[in-house]
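Hi,

Here is the structure I promised to pass on. Have a look at it first, and then read on for what turned up in it.

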Amino acid sequence: MRIFGRVRHRPSPTWRQATDRAFSLIDDGRYEDAGALLTRAADLEPWLSESWYNLALLHKFRHDWAQARIAGLRAVALLDRPVGAPDWWNLGIAATALQDWPLARRAWQAYGLRPPTGTAAAELAAGEESVRMPLGSAAVRLSPEGEAEVVWGRRLDPARMEVLSIPLPSSGRRWGEVVLHDGVPHGERATEGAARRAVYPVFDEIELWAPSPVPTWLVLLEAATEADRDALERLAADAGYAAEDWSSSVRLLCRTCSESRMPTDDGSVVTRDPHDHGEPGHPGHLSHLGRGAEALHWTPERECGIAAPASLVRGLLDSWVADSPGSRDWRDLEEVC
């Protein structure tokens, strides 16, 4: 068949059968068997970009980034269209995982992305140490095949996100870590602000890209009011770290809810949608009461997560209590991650 003046070879039935069977095996987690079939398909039709794209995709699932880069480069070399193909996106993820910044930059630009104004100059000044393409706030689903905890973060480029929430210890992740994430969002979080409604994508984590040296602590607080709780969060932020009231910011969702668009509450009404996930960088109240209602049903004892060094965390809590000893106290501090 002819597309835009170029002859495009139609894959053979054998190629299609091998490829379809391979993706069925991938769905079952049988990556080795799928790899054998996709390798056979690539041998049958080596001039098809799809043959190498499929292999690159399999290597991404296996986190074999060197092989994903090799297959991805062969895929993009055979593309019919130069801009916007998903082959470039997967190649960008592989290059980012390997810290191959020239290739990552080439992949994002070939996909059609451009760094914000001033970013390219900043990269050159830094010796092209990494791609810097800040893309704003988003959410990431940690351990998507496990407990699938959704946390807020800041996108550093198309494939990396810095975690801004304090994840639960069961996730094995810490505040400030950078995770590699996939390109297709699975769900959204919507916020209602005074000026506009904002929607943020939820991406799935692929793997940890850069660990955080900052431990996670669990502490029981006695906070007489929301203002007392908020004061601890501000105190931690001013010190360059974080505190998060897990009693109100963490809630269990089924997979269907987690992967859909979940609205958030601005606290202007007493009742709210039970699937509130807060706002970027400031995890919201995820219990069944909105902010406006929580003030009427405030429970002074709170389970709080703190991300701070061991040398600082006790002093931080003591300073918080000292500012209002009649309405604040803490106990049972424990390092949990």
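W108 is buried, with 0% relative accessible area; buried here means under 20%, exposed over 50%, and partly exposed in between, using a 1.4 Å probe and protein chains only. W89 also counts as buried, at 14%. Before going further, please keep in mind that this is a predicted model, where local features need pLDDT of at least 70 and side-chain atom pairs count only at pLDDT 80 or more, while totals for chains, interfaces and linings use all residues. Residues are numbered from 1 along each chain as its sequence is written, and side-chain values use heavy atoms, with hydrogens and water left out.

**Aromatic pairs**

Rings of Phe, Tyr and Trp (for Trp, the six-membered ring) pair if their centres lie within 6.5 Å; planes under 30 degrees apart count as stacked, over 60 as edge-to-face, and the rest as tilted. By this rule there are six aromatic pairs. W89 and W108 make an edge-to-face one, 5.0 Å centre to centre with 70 degrees between the planes. Since W89 belongs to helix α5 (residues 86-97) and W108 to helix α6 (residues 101-111), the pair ties together parts 19 residues apart in sequence. Helices (H or I, at least four residues) and strands (E, at least two) are DSSP runs, numbered from the N terminus. Ring pairs also bring Y111 into a cluster with W89 and W108.

W101 is buried at 5% relative accessibility. W101 and W209 form a tilted pair, with centres 6.0 Å apart and planes at 55 degrees. This pair ties together parts 108 residues apart in sequence, because W101 lies in helix α6 and W209 in strand β8 (residues 197-210). W209 itself is partly exposed, at 22%.

**Charges over rings**

A charge sits over a ring if NZ of Lys or CZ of Arg is within 6 Å of the ring centre and within 35 degrees of the ring normal. R160 places its charged end over the ring of W209, 4.6 Å from the centre. R74 does so over W52, at 3.9 Å from the ring centre.

**Strand β5**

R160 is also part of strand β5 (residues 160-163), whose two faces are both covered: R160 and E162 are buried on one side, M161 and V163 on the other. In a regular strand the side chains alternate between the two faces of the sheet. Two strands pair if DSSP finds at least two bridges between them. β5 pairs with strand β4 (residues 149-157) in the antiparallel sense over four bridges, and a hairpin of two residues joins β4 to β5. Within this pairing, R154 stands opposite E162. β5 also pairs with strand β6 (residues 178-181), again antiparallel, over three bridges; L180 in β6 is the bridge partner of R160.

**Helix α4**

Which residues of α4 are buried? They are W65, A68, A71, G72, A75 and V76. Seen down the axis, these fall within an arc of 135 degrees (taken from the directions from the helix axis to the C-beta atoms), so they line one face of the helix. They pack against α3 (49-61), α5, β6 and β8, where contact means heavy atoms within 4.5 Å.

**The whole protein**

The secondary structure comes to 12 helices and 13 strands. Of the 337 residues, 47% are buried.

Best wishes
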